Amino acid sequence: MHGAPAASARGNLPPLELHVPEPHSRPGEKPDYSWLEIPEAGSLARPDEACPASETWAGTLGMVRVLDEDNRAVGPWDPALDPETLRRMLRTMALTRAFDDRMYRGQRQGKTSFYMKSTGEEAISVAGAFALAADDMVFPSYRQQGILIARGYPLEEMINQIYSNRGDRLKGRQLPIMYSARDYGFFTISGNLATQFPQAVGWAMASAIKGDTRIATSFVGEGSSAEGDFHAAMTFAAVYNAPVVLNVVNNQWAISSYSGFAGAERTTFAARAAGYGVAGLRVDGNDTLAVYAAMRWAANRARANGGPTLIEYFTYRAEGHSTSDDPSAYRSAQEREEWPLGDPIMRLANHLIALGEWSEEQQSEMDREVAEEVRTATKQAERNGVLGHGFHHPFHTMFEDVFEELPWNLEEQAAQAIREREIKWPERVGQKHSGDKPRTSAQGSTESANEDGRGEGQ
Amino acid sequence: MNMIEAINDALDTMMGHDPDVVVFGEDVGYFGGVFRASANLQKKYGKSRVFDTPINECGIIGAAVGMAAYGLRPVPEIQFADYIYPGLDQLISEAARLRYRSAGEFTAPITVRSPFGGGIFGGQTHSQSPEALFTHVSGLKTVIPATPHDAKGLLIAAIEDNDPVIFLEPKRIYNGPFDGYYDRPSKTWKNHEGGQVPEGYYSIPLGKARTVREGAAMTVLAYGTMVHVAESVLAEKGVDAEILDLRTLWPLDIEAVEKSVEKTGKCLVIHEATRTSGFGAELVSLVQERCFYHLEAPIERVTGFDTPYPHSLEWAYFPGPVRIGEAVDRLLKD
């Protein structure tokens, strides 16, 4: 018999114990935030953008915070943005939240299979996008929809993708929210976690190889920072001094696993920068001004050949992980309300109000407007169909784009799929499907999106 | 030229041809690669186009995907195919799917070069033939040359191809063809037709097999080192076999395979890789489906055994003349 040896006492040594992290509160318990140290706004020094990475490391244990208790912008990180820019950021964040709310309802109404909200994390993607140049390349995870919205990507296109309808530019191939928008500097989202991190570094290396001035940025959650790709990205970024900003959104939860399972009990995620010799910043992720200032600092540094930066955004995932998740099964329901760093939209609105540049009436009016904007876009997109209602792309598109040219086996399999359609959905037999001949990408197939594919038995 | 020189020449040709071609991997820069495949390239093209990398295959392939998304044409090297596994997620989940999942917005014109195969006392982690892992992935092309001439032409075609290509180099035949007899003196490419490598640019289309020899008694499907082993064994046995060097495993030259088996009525599949679920199983299955009424005997498959690649018992493991000979005899008996 083999197997683990039985416990054996050796002298007076205590038995070894496996430590398994446990979150600070579970369902039914009162949330405990006594562990959380929140540095005062304005207390962290702002090193020069060209400083050696080591000068940033002390700050990776502190926190870049700009908005204080009285909603004033204080300290050396205050980006001193004009009120008009602040209002635009506020509106973009509100639009992102309204979009999330509507799409979440869309999933519950059966219009799509899946959705993921970014509620509570809007400042990170929106202020991040505002701090970057429009042509800097973003390698996002699945929770940076605010970047697409900030860059003016049409909401209708996003909804087409979520509904996998005939207007979907990704031809219904991808799970909802796995957007791709090359023209908006938004890299195709993958379901495989953290793979985008070394890719962003490679893109940044390419930009440097070609003597370009564009930089790359990428986002992972704190949970995904445990993937090997994180280490690969940090190592490559450091070795080649790549013009990249690598971001960890620490929203405390990776589905049901609290951040302790990614290492949060021992140190901050920003502190990992030190081991690679990379500049690091830890930021109040619900403080729009701090997020903007940190991303701006890192982007300027990268663009001046100062090298990569790792930024940790300290925030809270206010909603479930996805529409398939019920957070009440693993965490205290009050955690969200009692989260000490508040809500990013409310904090920025209160700042503007404190400046005399905003009012509660304007806030209500804005909320009404963004909800209407989302409603209009949704109606537009629904004209292209919702998932399962038959307005999808023609069958042959399933076989296109695997390769640039269609190989013989895919040609044969496409013919099979089209043959099967006549057995599975006989009401369509006799209808003409001019677009059903597979074609190569070189020949193009975008017009096929308009082909009526209605009535396929769903 | 030997195969290393031909590969070096192909890289040189393509780097001169296209400023977006970049070459990188462990030890490929200053040192020119542990097999010397990238020798002198850094000196000629500079450190920003030919460079050493950290020892991190996930990073190497991941960075290549990002570079390709930017618009470069990366040619990363994985030092041994046995070490490609840490990069598999980037290859399978990313490079292979990039075009499909982005509906053509982003592509991955990457050529991953990697020495593979046994016969060099490489033991478990310097001898493997992992090609079936790649042929099973939709969106990847898998190419294996068997001569210096083909290595250069196929590598140039692979680099020019707009899809990700796994380019596996049979390191046993880097310096000369191998007849399967480990105890005979080794040969060089000097007097072999496949060692005649033209200067400058030429390419060999992917997806096209090469007829090594025409024959009527049986069709032999092989690639890499096993092309030469098969050729020598069948010549020694005096069998009039038709030998196809597949060159591109996927997309497979199905027409060449069908045409040959329909003519000979018998088929022998040979590879070094382990047997179960190896690429041979796909070949056998395709021949069975498509040439069934032409077959005069069961399809034979000669492969490595279903074990990790051993060190001391290498020549007991290697699918050499005895194992091939028995299969040929069985085919001829029917």
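Here are a few notes on this predicted model, going from whole chains down to two single residues.

1. Let's start with chain A and its domains. The domain assignment splits chain A into domain 1, covering 53-382, and domain 2, covering 395-446. If you take the centres of these two domains over C-alpha atoms, 38 Å lies between them.

2. Now for the make-up of chain B. You can count 12 helices and 12 strands in chain B. An unreviewed UniProt entry annotates residues 1-176 of chain B as "domain: Transketolase-like pyrimidine-binding". That span is 36% helix and 16% strand, and its end C-alpha atoms sit 10 Å apart.

3. What radius of gyration does chain B have, set against a compact globule of 334 residues? Chain B comes out at 19 Å, and a compact globule with 334 residues would be near 20 Å, so the two agree. Along the principal axes, the C-alpha atoms of chain B fill a box of roughly 60 × 45 × 35 Å.

4. Next, the inside and outside of chain B. Of its 334 residues, 66% are buried. Look also at contacts between residues at least 6 apart in sequence: in chain B, 78% of these join residues at least 24 apart. As for the outside, chain B exposes about 12000 Å², with carbon and sulfur atoms supplying 51% of that.

5. Zoom in on A:T235, which you'll find in helix 6 of chain A (residues 228-239). Is A:T235 buried or exposed? Its relative accessibility is 18%, and buried means under 20%, so A:T235 counts as buried. The side chain of A:T235 reaches the backbone oxygen of A:H231 at 2.8 Å. Leaving out residues up to four places away in sequence, A:T235 touches A:Y276 and also B:P54, a residue of chain B.

6. The other residue to look at is A:E121. A:E121 sits in the loop between helix 1 (83-108) and helix 2 (122-131) of chain A. Being in a loop doesn't put A:E121 on the outside here: its relative accessibility is 3%, so A:E121 counts as buried.

7. Which residues is A:E121 in contact with, leaving aside neighbours within four places in sequence? They are A:R143, A:V249, A:N251, A:T315, A:Y316 and A:R317. Try finding A:A318 as well: this residue is 197 residues from A:E121 along the chain, yet their C-alpha atoms are separated by 8.1 Å.

How values were computed:
Residues are numbered from 1 along each chain as its sequence is written. Chains are lettered from A and ligands numbered from 1 in the order in which they are written. This is a predicted model: local features need pLDDT of at least 70, side-chain atom pairs count only at pLDDT 80 or more; totals for chains, interfaces and linings use all residues. Side-chain values use heavy atoms; hydrogens and water are left out. Domain bounds come from an automatic or database domain assignment. UniProt positions are given in the numbering used here, feature names are shortened, and annotations may be inferred rather than shown by experiment. Helices (H or I, at least four residues) and strands (E, at least two) are DSSP runs, numbered from the N terminus. The radius of gyration is taken over C-alpha atoms; the globule rule is 2.2 Å times the number of residues to the power 0.38. Buried means under 20% relative accessible area, exposed over 50%, partly exposed in between (1.4 Å probe, protein chains only). Contact means heavy atoms within 4.5 Å. Accessible areas come from the Shrake-Rupley method with a 1.4 Å probe; for residues, only the protein chains shown count as cover. A polar contact is a pair of N or O atoms within 3.5 Å; within protein, one must be able to donate a hydrogen and the other to accept it, and residues adjacent in sequence count only if both atoms are side-chain atoms.
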